[in-house]
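I sat down with this one and a fresh page, and kept short notes on each thing I looked up. The model and its sequence come just below.

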Amino acid sequence: MFLAFLRLGLTSFGGPVAHLGFFREDLVTRRRWLGEESYASLVALCQFLPGPASSQVGMAIGLMRAGPAGMAAAWLGFTLPSALLMLAFAYGVRHADAAGIGGGWLDGLKVAAVAIVADAVLGMAKNLCPDRPRRSLALVAAAVAALLPGAFGQIGVIAGGALAGLAFIRLDGAAVRAPGGHYLPGQMASLAAFALFALLLVGLPLLAQATGSAGVALFDTLYRAGALVFGGGHVVLPLIEAELVRPDGLTREVFLAGYGAAQAVPGPLFSFAAYVGAMMPVPPHGVAGGLLALVAAFLPSALLVYAALRFWTRLAANRRVRDGLAGVNAAVVGLLGAALWDPVITSSLTSGRAFALALLAYLALALWRVPAWAVVAGAALGGAILL
């Protein structure tokens, strides 16, 4: 299991949708570990849950094939290459800054983030807001997020999206069938996993406030980001930025440069957490901080996949649950749209040259479908020359 997902972690470029295509080709078509129907059901489940969908599909396949140890092996194999690359990038940024190396290439990475987030917003809007109620909800969510920046405003936007979905959205279509014929956690173990997920979500902020520990605060921030991200890895940007970009934390320049670099590595975008943890100015930072942040970001996904797999049939059959989720997804589009303006555009497009480079990066990414890693590399080179 570890070796199969390590191979995917080394070769899966292109974001969650592309990752799911790589998974299907290798695990369904070539290895025949599960059938098309079971795979489609797992994809639907993981899009239903908050968290990084492709990583969750990998966890679910590992769990179904080889139990909890298989789940851990699948996650580690798929995440390890990108996590190591992001840790290496963090150390590269630190040494470059200490050596006084020019920051134009970092400015180029920030410009790449503008193009990538803009493409993500438009793509998500097309897929998740196909009708007038959901488009309206996305615009209202963007306005609220702009007026109420910070973690509590974002949580309020997500909760409001769920309530609006229940009130105004009515989805059609048959429920997805649950996968069968594989390992499933017991009912009590599933309930215990969900209870632990909820306990950490509520208890970690209280523990961080009570102890004043920087390590607990970092773990809490990344855990809540992983627990509240709907709609793909890009949405982790505003959730983490709201809490960690501050006078005693990360600068926006360092944050956005790492986010841009994360687009150029294979595997899950959530590996950006390793960079964030490593770059924190106070301990734990470096490798210890990177590993702590990485585990915190993915732990909610693991707990939710473990908890939900057995109950997926009931969840998928509940139309009201699906209506609420549709509202959440529309609100998330607005949340990411607000983040596109601040911090991404306001921090990155500070000159006419930066704006021109952003337009060229978006042209390459959205219209000519140049791979994201190539767009990031080109933007970094362009930044070194122009900015």
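**Entry 1: V265 and its surroundings**

I began with V265, which sits in the loop between α11 (252-262) and α12. This is a predicted model, so I read every value here as computed from it. Is V265 buried or exposed? With a relative accessible area of 14%, V265 is buried, because the cut-off is under 20%.

Next I looked at what lies across from V265 in space. W373 is 108 residues away along the chain, yet the C-alpha atoms of V265 and W373 are separated by 6.6 Å. I then tried G9, at 256 residues from V265 along the chain, and found 9.5 Å between their C-alpha atoms. G9 belongs to helix α1 (residues 2-11), and G9 counts as buried at 0% relative accessibility.

**Entry 2: two more pairs**

I wanted a pair within one stretch of sequence too, and picked Q56 and M71. Q56 is in helix α4 (residues 53-98) and is buried, with a relative accessibility of 0%. Q56 and M71 are 15 residues apart in sequence, and I get 9.5 Å from C-alpha to C-alpha.

How far apart are the C-alpha atoms of L147 and P281? The separation is 29 Å, for 134 residues along the chain. L147 is part of helix α6 (residues 132-147). L147 is exposed, because its relative accessible area of 70% is over the 50% cut-off.

**Entry 3: along α2**

Helix α2 covers residues 16-30, and I checked its length first. Its 15 residues should span 21 Å at 1.5 Å a residue, and the end C-alpha atoms are 20 Å apart, so expectation and model agree. The expected span takes 1.5 Å times one less than the number of residues, which is why 15 residues lead to 21 Å.

Where does α2 bend? I find the bend at R24, and it is about 25°.

Which residues of α2 are buried? My list has H19, L20, F23, D26, L27 and V28. As a reminder to myself, residues three or four places apart on an α-helix point the same way, because there are 3.6 residues a turn. I read the list with that in mind: H19, F23 and D26 are among the buried residues of α2.

**Entry 4: backbone oddities**

Most residues other than glycine have a negative phi, and most peptide bonds are trans. I went looking for exceptions.

R32 follows α2 and has a positive phi, near 60°. R32 lies in the loop between α2 and α3 (36-48), and R32 is exposed, with a relative accessible area of 67%.

R369 is another entry for this page, with a positive phi near 55° in a residue other than glycine. Its place is the loop between α16 (352-367) and α17 (372-386). Is R369 buried or exposed? R369 is exposed, at a relative accessible area of 59%.

For the peptide bonds, I noted the one from P283 to P284, which is cis, with omega near 0°. P284 is in the loop between α12 (272-279) and α13.

**Entry 5: cysteines**

How many disulfides does the structure hold? I count zero. I looked at two of the cysteines anyway. C46 is buried, with a relative accessible area of 1%, and C129 is buried too, at 4%.

**Entry 6: the second largest pocket**

I finished with empty space. Rolling a probe the size of a water molecule over the atoms shows where such space is left.

The second largest pocket holds about 660 Å³. Its lining has 26 residues, with F48, P50, F194, F230 and L304 nearest the centre.

Which helices supply at least two residues each to this lining? They are α7 (151-168), α8 (187-211), α9 (214-228), α13 (286-308) and α15 (319-348). α8 gives the most, with six residues.

What classes make up the lining? I have 24 nonpolar residues, two polar ones and no charged ones. That closes the page for the second largest pocket, whose lining includes F194 and F230.

Terms used
Residues numbered from 1 in each chain as written. Predicted model: local features only at pLDDT ≥ 70, side-chain atom pairs only at ≥ 80, totals over all residues. Heavy atoms only, no water. 1 Å grid on protein atoms, 1.4 Å probe; cavity = no way out; pocket = protein on both sides within 12 Å on 5 of 7 lines; lining within 4 Å. Points joined across faces, edges and corners; volume = space filled by probe spheres on them. Helix = DSSP H or I, 4+ residues; strand = E, 2+ residues; numbered from the N terminus. Nonpolar A, V, L, I, M, F, W, Y, C, P; charged D, E, K, R; others polar. Bend = angle between axes of the 7 residues up to and from the residue. Buried < 20%, exposed > 50% of the residue type's maximum accessible area, 1.4 Å probe, protein only. Disulfide = S-S within 2.5 Å.
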